[in-house]
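Q: Please take one part of this model and go through it closely. Then link it to the places around it in the chain.

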Amino acid sequence: MGSEISHREFTEKDFIAFQKALDAEFAYVKTLFDKGCEVFSNAYRIGYELEVCLLTNDNQPNPINKNILETIDSPLFTNELAKYDMEINGHVFELGSGAPEALNNDLVALWEQAQNAAKKFDAKIGLFGVLPSLRLEHFNKELYQSDMHRYTLVSQRIKELRHESVKILFHGEDEVSLQKDDVMFEALGTSLQIHLQIPFDKAVAYYHAALLASVVLVGFGANSPLVLGKRAWHESRITIFEQSVDTRDKERREHGEERRVHFAHGYIDSWQELFEQNKMFKIIFADVKNQPASDLHHFNLHNGTIWRWIRPILGKDKDGRHTLRLELRVLPSGPTLIDTEVNLWFFIGLIHGLVKSKINLTKIPFETVKDDFYSVAKKGLQTKFHEPVNAQKISLKEWILNDGLKMTKMGLDVLGIDKADGYLDIIKQRTSCGQNGAVWQLEHFKKYNSIPKLMEDYMKNSEQNIPVHKWGL
């Protein structure tokens with residue numbers, strides 16, 4: 001959830017100063033969009049962030065991220081909200097023929113670095129969407145919140161804005177009902193975030209393709225079905241995150257204002273609309289810096305506290321050119337490194353294939369796509385959605401096997417990635433048998449009704465890097 005904040009508290013004067021600086025930076029951003037391709041990079045690049053769980057030898061949450069981060073001592077590894085999680089920040093690569101190999105080498109090297117550090121503390125690391133061995137006691141912020149004041153500030157600000165406790169309520173096969181005075185339930189979820197840099201003149205098409213692809217990937221990659229021993233959504237992270245950092249009070253909820261974590265607000269004609277939407281959200285961190293508007297400090301800090309599932313990011317590359325980047329946030333971590341890479345290349349290939357196929361994606365009413373996203377998050381691969389060509393409601397599995405795979409291969413081919421057969425084969429096999437991480441966990445829990453055994457079997461398979469569709473019960 002981001003880097004440290006220098007202030008210990010914020011005054012009314014800070015919020016006024018922050019708003020003034022933010023307004024100036026919005027005006028500066030408008031000048032950038034007026035200039036368009038003249039000031040933006042036209043490169044395609046990819047990066048990733050992978051959140052991991054730290055475990056004891058008997059697979060319980062292990063609150064030692066500070067020890068491990070001090071041992072590794074690298075800016076590529078950072079805190080997460082809970083002491084039993086941390087994040088790996090991968091390098092950035094040009095999106096071309098060599099990207100899969102380069103990204104694989106990067107991911108494996110950073111993973112081994114984390115593993116070796118964990119072993120020094122008799123610990124291990126695992127990849128989950130929601131860690132099944134978490135219990136309510138693991139959300140005591142005095143014991144388990146990471147040593148960053150940023151997290152305390154978020155809790156304080158949410159309390160100020162909501163005027164009541166954080167409440168989480170949703171239903172899968174069981175009901176999940178939670179209540180707390182801080183944001184620690186956000187630590188239930190651990191994610192894979194993919195960063196896709198795209199050219200300015202194609203940014204709208206990529207955004208719309210990412211919306212549709214997110215519906216597909218949230219079902220294909222689901223790995224978060226068990227929440228504190230309850231059978232919940234196949235990808236429970238989606239509703240947990242949306243509710244755990246909801247800053248709206250009762251009145252704003254009743255007026256239908258958007259959550260800070262949301263799918264999207266509608267189709268767009270320009271990315272400038274996405275950034276303009278940020279103006280409707282209250283400021284969380286009034287961390288004022290005396291920096292020129294062109295640094296976009298306040299603009300990006302505010303954007304970083306609006307956790308859309310497909311987040312637009314405005315940055316700069318090492319050559320000083322401005323960049324537009326999609327942060328694709330719908331995927332969970334895990335279950336294995338190979339599954340992580342498969343999910344990532346499926347996402348990238350499908351988005352690129354949808355753009356290159358020139359399908360008019362906006363012919364599907366936006367509210368329909370949004371409804372599909374939440375329906376698929378609840379039920380995973382075993383559900384229907386509105387396919388992009390004719391907007392007909394069909395089986396998600398059948399669409400992936402009949403059309404999605406071809407579109408993904410075409411997208412990767414166009415990018416020059418012609419050695420992706422291994423990833424495409426796993427997409428086909430996982431979809432055909434219908435077993436992703438969520439289905440395996442639910443079936444295992446149904447058969448044994450034992451979280452300790454589930455954790456033991458999950459970690460045994462994951463540590464051997466066996467693709468999840470091959471896991472037995």
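A: A residue is called buried under 20% relative accessible area, exposed over 50%, and partly exposed in between, using a 1.4 Å probe and protein chains only. This is a predicted model, where local features need pLDDT of at least 70, side-chain atom pairs count only at pLDDT 80 or more, and totals for chains, interfaces and linings use all residues. Residues are numbered from 1 along each chain as its sequence is written, and side-chain values use heavy atoms, with hydrogens and water left out.

The part to look at is the second largest pocket. A pocket is an open set of points on a 1 Å grid over the protein atoms alone, with protein on both sides within 12 Å along at least five of seven lines; a residue lines it if an atom lies within 4 Å of a point. The second largest pocket holds about 340 Å³ of space. That volume is the space filled by probe spheres set on the points, which are joined across faces, edges and corners. The lining has 14 residues, and E173, R231, A232, H234 and L442 are the closest to the centre.

Now sort the lining by class. Six residues are charged, five nonpolar and three polar. Here Asp, Glu, Lys and Arg count as charged; Ala, Val, Leu, Ile, Met, Phe, Trp, Tyr, Cys and Pro as nonpolar; the others, Gly among them, as polar.

Which helices supply at least two residues each of this lining? They are helix 12 (366–379) and helix 15 (437–448). Helices are DSSP runs of H or I with at least four residues, strands are runs of E with at least two, and both are numbered from the N terminus. Helix 15 gives the largest share, five residues.

Stay with helix 15. F445 is found there. F445 is buried, at 11% relative accessibility. F445 and R231 are 214 residues apart in sequence, yet their C-alpha atoms are 8.9 Å apart in space. R231 is one of the residues closest to the pocket centre.

Just past helix 15, N449 is found in the loop to helix 16 (451–463). N449 is not a glycine, but its phi is positive, about 50°. N449 is exposed, with a relative accessible area of 57%.

Helix 12 has its own long link. K378 lies in helix 12 and is partly exposed at 40%. K378 and A222 are 156 residues apart in sequence and 9.4 Å apart in space, C-alpha to C-alpha.

Two more loops deserve a look. H163 is in the loop between helix 5 (149–162) and strand 6 (166–171). Its phi is positive too, near 65°, and H163 is exposed at 62%. P335 is in the loop between strand 12 (322–332) and helix 11 (337–356). A cis peptide bond joins G334 and P335, with omega about 5°.

Last comes helix 3, residues 99–119. Its 21 residues reach 30 Å from first C-alpha to last, close to the expected 30 Å. That expected span is 1.5 Å times one less than the number of residues. Its buried residues include L103, L107, L110, W111 and A114. The buried residues of helix 3 are on the same side because they cover an arc of only 135° around the axis. The arc is taken from the directions from the helix axis to the C-beta atoms. E101 and K119 are exposed on the other side.

Definitions and conventions:
On a 1 Å grid over the protein atoms alone, a cavity is a set of points where a 1.4 Å probe fits but cannot get out, and a pocket is an open set with protein on both sides within 12 Å along at least five of seven lines; lining residues have an atom within 4 Å of a point.
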